[in-house]
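I opened this model to look up two things, the nonpolar cores and the surroundings of the ligand.

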Amino acid sequence: FRAIPKDWPVLGEHIVCDTSSTIDLEEQPLDGGVLVKTLLLSPDPYMRGRMRDPKVKSYIWPFILGQPVDNWTVGIVLRSESEKFKEGDYVVGVIPWASYNVMPASRLEVIKNENHLPWSYYIGLLGMPGRTAYYGLKKIVDLKEGQKIFVSAGSGAVGSVVIQLAKLRGAQVFASAGSEEKVAFLKEIGVDRAINYKTDDLDEALEEFGELDVYWDGVGGPTLDIAFKHMKDFGVVVICGLISSYNDGENQYGIKGFIIGDIVAAEGGSRAFDEEVGELVKQGKIKYKEHYTKGIENAGQALLDVLKGNNFGKPVVIVADK
Ligand code: NDP
């Protein structure tokens, strides 16, 4: 991370891929920790909020200038001085974006993957974005059968899971996304009415759909303004994310919604999610899309792509196969 962007981050200026530092995989001291090889990185929209002046308060610590950015990552253990991990374990944790890292054991968890799912699911459907959808619906909304919900950024990692969990609860779902391809996917996962917010009239379509019990906001901006007009009295608006304003300059932290890490901490872990959503995935009841980028040198571009909506599905950067 090289410089704090004012609006859109620029590759080479704010984020650079620096391959100059090396590490001796055999000799590098571990100090009781674990040597992890990076396999899969997760470019997530919230990372833009961490590219800020450290003096600006937020729910999460900022990236440090001159240091690699970090986020949820899947890796494999090459060497360990901790009893919790052994060579060959697949692990997940918030890890710097580098090919290899020495990590304290407390920052990692072993992925058991008893159902032999793709490892990338643990940074998406069965990781932070999936938890956001599950706990948001359960703890913030408590959506009921027959209720009407509108989900924006519907084809994404969070939105697509919200939609499918809402359908399993018997809700009527309206969703928006930014391309015809994404709208076709929304229909495939069972939404009752799907629109392309770039070409269709959202206001008119919501009018036809009827008053909303819930609006799940992943984008903010004009979509949020229009959704407000269609809320039932005492309906619930969930401010999950405001991606449309993440690159709007300095005044982007004004609204406070919910943060998944707070809920997981308050719940003492994510067992309910792991069991319930794990079972749904095992039974093939949740469809899920991923968007792959190859090579750590392309990770910065993958992060800019998710901010611009160039991803279709959960972005995953494949750094190494094993
Ligand atoms: P997505 O996979 O949905 O990717 C982001 C999508 O946002 C893009 O693909 C794009 O899709 C859409 N988008 C980008 N710019 C705009 C815009 N100006 N107007 C409308 N849509 C836009 O990401 P996630 O599922 O990971 O995250 C979705 C939202 O949830 C984000 O705002 C994120 O910050 C938030 N979030 C919040 C959490 C919490 O704890 N509260 C945890 C995780 C995520 P399209 O082509 O449809 O425009």
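My entries on the cores come before those on the ligand.

I note that this is a predicted model, in which local features need pLDDT of at least 70 and side-chain atom pairs count only at pLDDT 80 or more, while totals for chains, interfaces and linings use all residues. Residues are numbered from 1 along each chain as its sequence is written.

Entry on the cores. I looked up the largest nonpolar core (buried Ala, Val, Leu, Ile, Met, Phe, Trp, Tyr and Cys residues joined through C-beta atoms within 7 Å; buried meaning 20 or more other C-beta atoms within 10 Å of the residue's own, with C-beta atoms placed from the backbone) and found 74 residues, with I149, F150, V162, A166, V173, A175 and W216 among those having the most contacts inside it. Its largest share, seven residues, comes from helix 2, residues 157-168 (helices are DSSP runs of H or I, at least four residues, numbered from the N terminus). Because domain 1 (34-123 + 290-318) and domain 2 (128-282) both give residues to this core, it lies between them; the domain bounds come from an automatic or database domain assignment. I also noted a second, separate core of five residues, which includes A153, L242, I243 and Y246.

Entry on the ligand. I found 31 residues surrounding the ligand, the closest being G156, G178, G241, S244 and G309 (near means a C-beta atom, placed from the backbone, within 6 Å). Helix 2 supplies the largest share of this shell, three residues, and both domain 1 and domain 2 contribute at least three residues each.

Note on methods:
A residue is buried if 20 or more other C-beta atoms lie within 10 Å of its own, exposed if 12 or fewer, and partly exposed in between; C-beta atoms are placed from the backbone. Helices (H or I, at least four residues) and strands (E, at least two) are DSSP runs, numbered from the N terminus.
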